[in-house]
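The following exchange asks why particular structural terms apply to a predicted model. Each answer sets a value against the criterion behind the term.

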Amino acid sequence: MPETYDLVVIGAGSGGVRAARVAATHGAKVAVVEEYRVGGTCVIRGCVPKKLYVTASRFSGLFELAESFGWQVDARFDWPTLVANKNKEISRLEAAYVAGLEKPGVEIIRDRAVIADPHRVRIVGSGREIETKTILVATGGHPFIPDIPGRELGFTSNEAFDLETLPRSILIEGGGYIAVEFATIFAGLGVTTCINYRGDQILRGFDPDIRTSLEAGLQEHGIRLIYQTTLRKIEKDGDGVLVTFSDGEAVPFGGVMFATGRNPNVHGYGLTEAGVKLTPGGAIEVDAYSQTSVPSIYAVGDVTGRAQLTPVAIREGQAFAETLFNHNPIAVDFSQIPTAVFAEPEVGTIGLTEPEAATRHGEVDVYVTRFRPLTNTLSDRPDRMLLKLITAGNGGKVLGCHIVGPGAAEMIQLVAIPMAMGASKADFDRAIAVHPTAAEELVTFKAPNYRYKDGKRV
Ligand SMILES: Cc1cc2nc3c(=O)[nH]c(=O)nc-3n(C[C@H](O)[C@H](O)[C@H](O)COP(=O)(O)OP(=O)(O)OC[C@H]3O[C@@H](n4cnc5c(N)ncnc54)[C@H](O)[C@@H]3O)c2cc1C
C-alpha cells in the first residue's frame with residue numbers, strides 16, 4: 001500500500017512554500033514538488049533580484065546628487081560583479097527556504113509534477129505516483145511573449161538578471177510595472193533605454209496622477225517612451241537587433257526585452273483532465289478559500305490570477321493551510337492591497353484611484369501636493385514628489401493613498417495599517433508630523449484641493 005500524504009503542493013514559490021510549511025507545522029504529512037529552484041519567482045528571478053538591481057542602478061543618480069553636497073565621485077560599474085553577488089544572495093535565500101521547509105518535516109521533491117487524478121500526483125522524472133488527500137497547485141506564471149517574427153531574439157525578466165553583458169541600448173516592450181522597473185534598472189546602469197507600449201500611458205489601472213508623475217520622472221531620467229505602437233518584427237543586426245515598429249520605422253537596439261505580461265502556468269498539468277475549471281482569463285478558478293471546482297484540489301498565488309504579488313500569494317497560502325489543517329477558516333481580504341513600483345521615481349499605492357473613488361462613492365475629497373524633495377534642492381535635479389490622499393466626502397474614511405518619490409514603498413506599507421483599521425481623514429490629522437520629512441504632508445493636509453459630488457469633480 002503506498003503511503004498517503006495529507007497534502008502535495010506543486011510549486012515551491014511564495015504561495016506553495018508558505019502553505020506547505022504551515023500545514024506541516026499543524027501536523028500534516030506534506031510533500032512539495034519543485035521543478036526549478038525552491039523560492040519561486042520572487043526569490044530567484046522576481047522581487048528580490050529586481051530590488052537588488054534597482055538599488056545598483058540608483059547609485060548613478062546618487063553620485064550625481066552627491067556632487068551638489070560637495071562630494072567628488074569617480075565611479076565605475078561592473079555588471080559581472082553585480083550578477084555574481086546577486087547569485088550568491090539568491091543561493092543563500094534558497095537554502096533558507098529549503099531549511100524552513102525541512103524543519104517542520106516537509107519532503108521536498110525536486111522534479112516536475114502533474115495531476116494524475118484528484119488524489120494522485122505523478123512525478124514526471126521518476127514516474128512515481130503519490131497518493132494524497134489534498135493537492136495544492138501553486139505553479140505561478142510565466143512571461144507572455146507576443147507572436148511576432150524574431151521574438152526569439154528578445155528576452156524576458158527570466159533572462160534579464162543574467163545577461164552576459166549589458167547591451168548598449170535596449171527597447172523594453174510593455175507598459176506595466178515590470179517594464180518600468182527594468183527601464184529604471186537599465187537606464188541607471190548607463191544603457192540607453194526606450195519603452196514601447198501599445199497603450200496611451202504606462203501603468204494602466206494606477207491612479208492617473210501616479211501615471212503622469214512617473215511618466216515625467218522616467219523621461220527626466222532619460223528614458224524614451226513610445227506609445228500606441230507595437231513591434232512588427234525583430235531581426236539580427238550585428239551584435240544587436242533591428243526592430244521594425246508597426247508604423248514601418250526600423251531602429252537598431254542592443255537588445256529587446258519583453259515585459260508584456262505574465263500568464264498563469266496551467267497547461268500540461270492535468271488540471272482540466274481532472275475537472276478543474278479555468279476562468280475566462282485562463283487562470284484557475286477558486287472560491288474564497290482557494291478551493292477549485294474539484295473538492296480535493298486547491299490553488300493559490302499567480303496561477304489563480306487574483307493579484308500577482310508575493311505577499312498576496314503568501315497570504316493565500318497561509319489562509320489555505322489554516323483553513324484545512326488548523327480548523328481555522330480564513331478567506332483572504334483583497335480589498336486593500338498596498339503595492340510599490342520600484343522605478344525611479346518610486347511609487348507606492350493603496351486603495352482606490354481617483355476615478356474609482358468618484359464612481360463608487362460619489363462624494364469624495366482629494367488632497368494632493370507636489371514638491372521637490374529636500375535632497376534634490378541643492379542640485380538641478382527636477383524630480384518632484386507627489387503625495388495624494390483620497391477620502392470619502394467631508395473628511396470621511398481614507399479610500400486611497402498614492403505616492404511618487406523617494407521612500408514611497410516604505411511609506412505606503414505604513415499607510416496600509418491605518419487604512420486596514422478604517423482610518424478617516426480626522427485620524428490622519430490627529431497624528432503629529434515628523435519634520436522635515438516628505439511623509440509629513442500626509443498628516444498636514446488642510447482643505448481638499450478639490451472635491452467630487454455625485455461622482456463629478458466640482
Ligand atoms: C520580474 C518580477 C518582479 C516582481 N516583483 C515583485 C515585487 O516587487 N513585489 C511583489 O509582491 N511581487 C513581485 N513579483 C511577483 C511575484 O514574484 C509573484 O507574485 C509570486 O512569486 C507568486 O508566487 P506563486 O507562489 O504564485 O508562484 P511562483 O513564485 O512563481 O512559484 C511557482 C513555482 O512553481 C514551480 N512549478 C511550476 N510548475 C511546476 C510543476 N509542474 N512541477 C513542479 N514545480 C512547478 C515553478 O518552478 C516555481 O518555482 C515579481 C515578478 C516578476 C516576474
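## Terms and their grounds

In the hairpin of strand 12 and strand 13, 4 residues lie between the strands, and glycine 248 there adopts a positive phi near 95°.

Q: What makes strand 12 and strand 13 a pair?
A: Two strands pair if at least two bridges are found between them. Strand 12 and strand 13 are joined in the antiparallel sense over 4 bridges, so the criterion of at least two bridges is satisfied. Within this pairing, valine 241 stands opposite phenylalanine 253 in strand 13.

Q: How do you know that strand 11 pairs with strand 12?
A: The antiparallel strands 11 and 12 (residues 240-245) are joined by 6 bridges; since at least two are required, they count as a pair. Here lysine 236 stands opposite valine 241 in strand 12.

Q: Why are strand 11 and strand 13 said to stand at the edges?
A: The open sheet has 3 strands in the order 11-12-13, with antiparallel pairing. Strand 11 (231-237) and strand 13 (250-253) each have a single partner strand, so one side of each lacks a neighbour in the sheet. Neighbouring strands of this sheet are turned against each other by 25° on average, direction ignored.

Q: Why is helix 3 called oblique to helix 6?
A: Two packed helices are described by the angle between their axes and by the distance between the axes. Helix 3 (residues 47-68) and helix 6 (residues 177-188) pack at about 40°, with their axes 7 Å apart. Roughly parallel requires an angle under 35 degrees, and roughly perpendicular 65 to 115. The angle of about 40° falls in neither class, and helix 3 is therefore oblique to helix 6. The crossing of the two helices is left-handed.

Q: Which residues make the contact of helix 3 with helix 6?
A: Helix 3 contributes Lys50, Tyr53, Val54, Ser57 and Ser60, and helix 6 contributes Tyr177, Glu181, Thr184, Ile185 and Gly188. By class, this contact of helix 3 with helix 6 has 4 nonpolar, 4 polar and 2 charged residues.

Q: Why are helix 1 and helix 4 described as roughly parallel?
A: Helix 1 (residues 14-25) and helix 4 (residues 79-102) pack at an angle of about 30°, and their axes are 9 Å apart. Angles under 35 degrees count as roughly parallel, and the two helices are therefore placed in that class. Val17, Ala20 and Arg21 of helix 1 meet Tyr97, Gly100 and Leu101 of helix 4. By class, the contact of helix 1 with helix 4 has 4 nonpolar, 1 polar and 1 charged residues.

Q: What makes strand 18 mostly covered?
A: A residue is buried when its relative accessible area is under 20%. In strand 18 (residues 347-351), 4 of the 5 residues are buried.

Q: How do you know that strand 18 has partners in strand 17 and strand 21?
A: Strand 17 (residues 339-341) and strand 18 run antiparallel and are joined by 3 bridges, while strand 18 and strand 21 (residues 398-404) pair in the antiparallel sense over 5 bridges. Both pairings meet the requirement of at least two bridges. In strand 18, glycine 348 is the bridge partner of alanine 340, and glycine 351 stands opposite glycine 400 in strand 21. Strand 17 and strand 18 form a hairpin with 5 residues between them.

Q: Why do strand 17 and strand 23 stand at the edges?
A: The order of this open sheet of 7 strands is 17-18-21-20-19-22-23, with antiparallel pairing. Strand 17 and strand 23 (456-457) each have a single partner strand, so one side of each is left without a neighbour in the sheet. Helix 10 (residues 354-361) lies across several strands, including strand 18 and strand 21, and runs at about 165° to strand 19 (364-371).

Q: Why is valine 341 classed as buried or exposed?
A: Valine 341, located in strand 17, has a relative accessible area of 0%. Buried means under 20%, so valine 341 is buried. Among the residues that valine 341 touches are Tyr177, Val180, Leu203 and Phe206. Valine 341 and leucine 214 are 127 residues apart in sequence and 9.7 Å apart in space, C-alpha to C-alpha.

Conventions: Residues numbered from 1 in each chain as written. Predicted model: local features only at pLDDT ≥ 70, side-chain atom pairs only at ≥ 80, totals over all residues. Heavy atoms only, no water. Axes fitted to C-alpha atoms, helices over the stretch in contact; angles between N-to-C directions. Parallel < 35°, antiparallel > 145°, perpendicular 65-115°, else oblique. Left-handed = near helix turned anticlockwise from the far one by under 90°. Contact = heavy atoms within 4.5 Å. Nonpolar A, V, L, I, M, F, W, Y, C, P; charged D, E, K, R; others polar. Buried < 20%, exposed > 50% of the residue type's maximum accessible area, 1.4 Å probe, protein only. Lists of a residue's contacts leave out its neighbours within four places in sequence.
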